Amino acid sequence: MRSASVNHSIGLTRTGTTERRLTARTHGSCGELARRIVGSAALSRYDAGASRAASSLASDAPLQGGERLRPSAGAPAWLATRRVPASARDFVMPQRHEQYTETEHLVWRTLVRRNLQAVEQYAERLYEPYIAGLKDLGLDQERIPTLEAINAKLAPTGWMAVCVEGYIPAPVYAELIANRIFPMSRNVRHMAHIDFSPTPDLVHDIFGHLPLLFHAPYQRYLQRLAAMTARAEASPWDHALYLANRRMGALKSDPDAPRDLVAAAEAEVDRVQRHLLANPSELTHLARVFLWSIEFGLIGTRDSYRVLGAGLLSSLSECAALYEPGADIRPFSIAVIEKDIHFSDHQAQYYLFESYEQLDFVLDEYQAKMRLRAGSAVVGVM
C-alpha cells in the first residue's frame, strides 16, 4: 500500500536571508538550471501534476467558506495562523474534502480495512509506538477523514497536518516539517495502484507517517535531522532529481502513458542519481539519511527487529519481504549517505538501527563533516 514517492526530504524554519535562500533554491536560478538539466519536450507535459497546487493557490476560484487562496492578496486565516511558513504557502492547499469521489472513498475503505487487518496479523513485527499511534489517530474506516478531524487527533502532539498535491520540492517539505507541520498529500491513489502508488498519496502519509508523530523520541530525531538539513548546501541537481522523480511518478500513474516515455523518465532519474552519486551535496546526503531511517528504517537487533519506516509501514508486500530468507539488512551507519533510494520499486537492502541514540551518533558524525566544510570555506574566503 506504500506510495512510491517519498522523496520529500526535511528542513528547518528559516527567516530573513536564509528563508530567501531556501526559496531561491526552488524557484530561482537553481530551479531554472535544474529544469534545463531534465529538459525534455516529450516528458514536459507530465510536469503539470505537481504544479497544480501552486496554480490553484494563485487562482480566484472560491473555496469552502468563500475563502480565496491568493497569498499575495491576503492569506486566509488557516494559512496565517497555523504556522505555515510564507515560503511554503504556494504549495499548501485546502483539502476540498467534498470533491473526493465515491471510488476514492472506496479505495480508502479498502485500504483501511486491509491495513488494520495487517497490523493485527503482523503486530509482533511492527514498532510498538506505531501501533499505539495508529490507535490514537482513531481513523474513520468508512470515509476519507477530513483534515480538521486529523488535526484534532494530532493536537496533543503539538503537530498539525496540511494538504499538498503530490510531489513538492524538498526545501518546501523541509520548511513545513521543521515547523511541526506534516505535508499530507490530498490525492488518493487509483484503484489500479491500490497496492503500490507511484506518486505521493494520502494513504501513505496517514498510515505511514502520522502515527509516529505521537512518539516523542521520533519527533526529536526528526527535528534534529531537520535542523541539520536547514544548514545543508544544495545543488541544482537536487532539484533536478525532484523534477525527474515527479515526471516518472506522473507517467507511472497514467495507464495510457506510452512505454517509451516511461522508460525515458526512468532513464532520466537514473542519470540524475548517477550524477548525485558522484557529486553529492549536503542536501543529497541528509535526504538519504532521512529516507533510510524515516522511510525505510528498521529498529532493534538483527535477530529481533521491528518495522519503523513509513514507506514500509504502508506497504504490505514490502514489509512481508523483510522477513523472508535472504533479505539484505545492514547496520545503519554514516555509509547510508552514499546509497540512493529506488522510489518506484522495492528496495534492494534495508538498514537497521538499535536505538535513536545510534541515529544521533550518525548525525553527530555528519554534523562534524559539515563543520569542517564550513570552516574550510571560511579559510578559503579569507
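# Strands, rings and a buried histidine

Reader: Which residue is the bridge partner of C163 in β3?

Author: The bridge partner of C163 in β3 is M184. Please keep in mind throughout that this is a predicted model.

Reader: And in which sense do β2 and β3 pair, and over how many bridges?

Author: Strand β2 and strand β3, the latter covering residues 181–185, pair in the parallel sense, and five bridges hold that pairing.

Reader: How many of the residues of β2 are buried?

Author: Five of the five residues in β2, which spans residues 160–164, are buried, so the strand is largely enclosed by the rest of the structure. Both of its faces are covered, with M160, V162 and V164 buried on one side and A161 and C163 buried on the other.

Reader: Let me step back for a moment. How many helices and strands does the protein chain have, and what share of its residues counts as buried?

Author: The protein chain has 17 helices and eight strands, and 55% of its 382 residues count as buried. If one takes the contacts between residues at least 6 apart in sequence, 74% of them join residues at least 24 apart. The chain exposes about 15900 Å², of which carbon and sulfur atoms supply 55%.

Reader: OK, over to β8. Which of its residues are buried on each side?

Author: In β8 both faces are covered, since Y350 and L352 are buried on one side, while Y351 and F353 are buried on the other.

Reader: Which strands pair with β8, and in what sense?

Author: Strand β5, made of residues 297–301, pairs with β8 in the parallel sense over three bridges, and β7 also runs parallel to β8, joined to it by three bridges. In β8, L352 has L298 standing opposite it, and P331 stands opposite L352 as well.

Reader: Is that P331 buried or exposed?

Author: P331, which has its place in strand β7, is exposed, with a relative accessible area of 63%. Leaving aside its neighbours within four places in sequence, P331 is in contact with Y351 and L352. The C-alpha atoms of P331 and Y350 are separated by 8.5 Å, although these two residues lie 19 residues apart along the chain.

Reader: Switching to rings, how many aromatic pairs does a search of the whole structure find?

Author: The search finds seven aromatic pairs. One of them is formed by Y173 and F182, an edge-to-face pair at 6.2 Å centre to centre with 80 degrees between the planes. Both partners are buried, Y173 at 1% relative accessibility and F182 at 3%.

Reader: And why is the pair of F332 and F353 edge-to-face?

Author: The ring centres of F332 and F353 are 5.7 Å apart and their planes meet at 85 degrees, so the pair counts as edge-to-face. This pair links distant parts of the chain, with F332 in the loop between β7 and β8 and F353 in strand β8, 21 residues apart. F332 and F353 are both buried.

Reader: Which residues form one aromatic cluster?

Author: That cluster is formed by Y173, F182 and F290.

Reader: Now H209: where is it found, and which residues does it touch?

Author: H209 is found in helix α10, residues 202–209, and it counts as buried because its relative accessibility is 3%, which is under 20%. Not counting residues up to four places away in sequence, H209 touches Y173, F182, H204, Y218, I294, E295 and A310. Its side chain also makes a polar contact, at 3.4 Å, with the side chain of H204.

Reader: What about backbone angles, what is phi of R96 and of R180?

Author: Phi of R96 is near 55 degrees and phi of R180 is near 60 degrees, in each case a positive value in a residue other than glycine. R96 has its place in the loop between α5 and α6, where it counts as buried at 13% relative accessibility. R180 is found in the loop between α9 and β3, and at 23% relative accessibility it counts as partly exposed.

Reader: Last one: how far does α6 reach from its first C-alpha to its last?

Author: Helix α6, with 20 residues from 102 to 121, reaches 28 Å, close to the 28 Å expected at 1.5 Å a residue. Its buried residues include H105, W108, R109 and N115.

Technical notes
Residues numbered from 1 in each chain as written. Predicted model: local features only at pLDDT ≥ 70, side-chain atom pairs only at ≥ 80, totals over all residues. Heavy atoms only, no water. Helix = DSSP H or I, 4+ residues; strand = E, 2+ residues; numbered from the N terminus. Buried < 20%, exposed > 50% of the residue type's maximum accessible area, 1.4 Å probe, protein only. Contact = heavy atoms within 4.5 Å. Areas by Shrake-Rupley, 256 points an atom, 1.4 Å probe, with all protein chains shown as cover. Polar contact = N/O pair within 3.5 Å; in protein donor to acceptor, adjacent residues only side chain to side chain. Phe/Tyr/Trp six-rings, centres within 6.5 Å; stacked < 30°, edge-to-face > 60°. Expected span 1.5 Å × (residues − 1). Pairing = 2+ DSSP bridges.
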